[in-house]
Amino acid sequence: MKTDLVRTVHLADYTPPTHRIERVELCFELGEQRTRVRSRLFLQTQVPGAALRLDGEALELVSLKLDGELLPSAAYRLDETGLDLPGLPERCVLEIETLIHPESNTTLSGLYRSSGNFCTQCEAEGFRRITYFLDRPDVLSIYRVELIADRARYPVLLANGNRVEGGVLDDGRHFAIWEDPFPKPAYLFALVAGDLGCIEDRFVTASGREVRLEVYVQHHNIDKCAHAMASLKKAMAWDEATYGREYDLDIYMIVAVDDFNMGAMENKGLNIFNSRYVLARQDTATDADYEGIESVIAHEYFHNWSGNRVTCRDWFQLSLKEGFTVFRDQEFSADMGSRAVKRIQDVNVLRTHQFPEDAGPMAHPVQPQSYQEINNFYTTTIYNKGAEVVRMLCHLLGWPLFRQGCDLYFERHDGQAVTIEEFVGAMETVSGRDLALFRRWYAQAGTPLVTVSDRFDEKSGRYSLRFEQATPPTPGQPVKLPFHIPLATALFDREGRPLDLGEAMPAQGRVLELTEAVSEFHFDGLKDKPLPSLLRGFSAPVKLDYPYSADELALLMARDTDLFNRWDAGQRLMLRELLKAVETRIDGGSVELDPALSRAFGALLHDHADDPMFVAEALTLPSEGYIAEQLDEVPVEAVHEAREALRVALAREWEAALQLVYAQSCPEGAYTPSGRDVGLRRLRGVCLGYLLALDNPAYAALAYEQFQAADNMTDSMTALGALAHSDAPQREEALAVFEARWRGEALVMDKWFTLQATRPCVDTLERVRELTTHPAFDRRNPNKVRALIGAFARANPLAFHRVDGAGYTLLRDEIFDLDGANPQIAARLAGAFNRWRHYDAGRRGLMREALESLQAKPDLSRDVQEIVGRALAQD
């Protein structure tokens, strides 16, 4: 391991920068093998006498000048992570010339090439791979950028801000100069140079300013940009109407690139996107793709205020921009579609990804206290749990006060780099509430378990609810203090009618605030014991334990006025039966269908026409991964067999209804990726999946018929997915037909890889090995790695956890191969081992061997080392 480069950064050690960089002038002479970068930094000393430390990695220093004078090598100290300059004047101009090598930059951090075009990714610490700089988010500067490149090969030259000048040079090159009038940290710097097509539009802000909108893609993708543009305009209008935030530059640009480590990047005025979150056409993109594009486009646009105009002081404040912005994009998506279904989808992400993270070796607070590699902390805790913390603030204050708090936060801190304290402080100011206890959500890791008990006194008519909260220990935090938990609650009678008890408990429910380890609430004037509906809308990111009977869950599933809790009651009922089925399979028994669950399932099918998208979600069984998270030791085969057995039992019991709903759920008219049609296609797919579980040749033929007749990618993928995960004789033919048709479409081929990687069969591993040699698979492309290797390790527990350990060996070898080229992606893959202690002794031993083998690699990256080290250290 590179132990000499390992360092742990602590929040407690934060100190302000010793110098300010008021202005930055950059000139890039772009070349594939060698790019020359000249920077002029206008410096002001903040700490008299302090030496200047500039970050730099993988740079070739050509020259260094101070106020126009060339500095000899004795005047500074250079090492592989930066350079030191002692004794600078209070104000000075530092000129730095470096050479970098974009073509060989496989890390996809800094300046690199993708599909023949130049692009950048500077968050979190990529700018130091471009030039020597104070590469930290609390150094905000005005930028002027000149780009020079071959005119024929790179006709498009883009950077942040507004273009102020451009022209043609005598040597076949051309140039463009861009100025960004808003101070920004280096992580928001961006440039793009290439031969790209563009679609244009306009947006007029509420104050009457016209903003030019441009989406840049490779020329052959120009017909797949319309949805991205429409999504951007929706987001701009929504942010004005909901938060009063207008856009501030003359132009807003989006560029799609094929090689990108993340989803997208909010660089000021020049967003760079993974192409999967821009490109959509009905025959190449599914409904889920369309929804994802709309959400991510909005997320990056919303960052213009929550992240760019007000940014984070240091990377420990990452959730200040990401958690807040995820909350904003979730609410936008809820307003664009079904609010209930969006909430279900968001909670599924929490339960299947963030809750396990909170219970694993990488558990960390929303505001971490330390890290070795910041790239490892772009996590569901920072993003999704961070969004839930913001949502809880909104619950506690109510929307009007929360909106006032947001306005105050933006007004107080525009143009500043601030902390989570400032955000919460703004909420305290407008509400007059002391949120000291609430801040524990930022400081403590772990998922609280809220255990609920109740009692009813028939004589007095008093009903009491008792809540006990406890949070398990996490690495570095063995003892937990109580959280401030807003728990939305309503009461129903035994017929499923909401009870109205006045202010104590209105019919629509109220938020109960839990602030102690034990909290009690009392409700008077009742004739009979009510049925509580708890954690409505998932008002807090907690686990809830209340002893509902199967009949009570079925009643809530049918009658609860909160659609999320209707879905959740069904999930609890399904999960209860699945866990019983796991025990039955361990003992070698046969799984039987519970009558209450069966009746509830049938009722959903009967009422499918009211809200097909909601019914589709409610009919879907909890995943194998979520089932496994409920168990201290995971019996891999039994979990799979139990879920399959319950799926078959439900399909057999309701076969005729499933056939009928499938037939009735075909949208009429032209394809549209929104509204009721999306729900109908989703419901149709769920029904088809259940029918194929019956292993009836007629249903395999039905799926193949849908596959052949589909005029959109959603219907095509639904049918192909059902076939690919079955033993139907049409499986291989359908996969071959799909490959032949789409081998020239990279994003569509990603879907093809994933379908095969996630087939729940022990011999899938051999198919994955075979696919790594497929012409369309490229380890340098993160999307391909995620689609094949990531999907296999994260979404196919039966195959990945094969008893012989071959799945672990495959993943270890892929991490070995990737680590030297792209440590960020290698580290993401290594996270699949995080829960290794929760399996049987044989599998634990094999996973430990894989982790120890990785740890012993002499040149292991800091990224992977942190993941592996924490996994092995967990006990």
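This briefing walks through a small set of strand and helix arrangements in the structure above. Please keep in mind that the model is predicted. Two places are covered: an open sheet of three strands, and the packing of helix 12 with helix 16.

**The sheet**

- Three strands line up in the order 28-27-30 to make an open sheet, and their pairing is antiparallel.
- Strand 28 (510-514) and strand 30 (531-534) are the edge strands, each pairing on one side only.
- From one strand to the next, the twist averages 40°.
- Strand 27 covers residues 485-492 and is joined to strand 30 by four bridges, the two running antiparallel.
- If you would like a spot to look at, find alanine 490, which stands opposite serine 533 in strand 30.

**A helix across the sheet strands**

- Helix 9, made of residues 550-559, lies across strand 27 and strand 30.
- Its direction is at about 65° to strand 30.

**Helix 12 with helix 16**

- Helix 12 (residues 612-619) packs with helix 16 (residues 676-692) at an angle of about 30°, and their axes are 7 Å apart.
- Helix 12 is therefore roughly parallel to helix 16, because angles under 35 degrees count as roughly parallel.
- The two helices, 12 and 16, cross in a left-handed sense.
- On the helix 12 side, the contact involves Pro612, Met613, Val615, Ala616, Glu617 and Leu619.
- These meet residues of helix 16 that include Arg676, Leu680, Leu683, Val686 and Tyr690.
- Sorted by class, the contact of helix 12 with helix 16 has 10 nonpolar, one polar and three charged residues.

How values were computed: Residues numbered from 1 in each chain as written. Predicted model: local features only at pLDDT ≥ 70, side-chain atom pairs only at ≥ 80, totals over all residues. Heavy atoms only, no water. Pairing = 2+ DSSP bridges. Axes fitted to C-alpha atoms, helices over the stretch in contact; angles between N-to-C directions. Contact = heavy atoms within 4.5 Å. Parallel < 35°, antiparallel > 145°, perpendicular 65-115°, else oblique. Left-handed = near helix turned anticlockwise from the far one by under 90°. Nonpolar A, V, L, I, M, F, W, Y, C, P; charged D, E, K, R; others polar.
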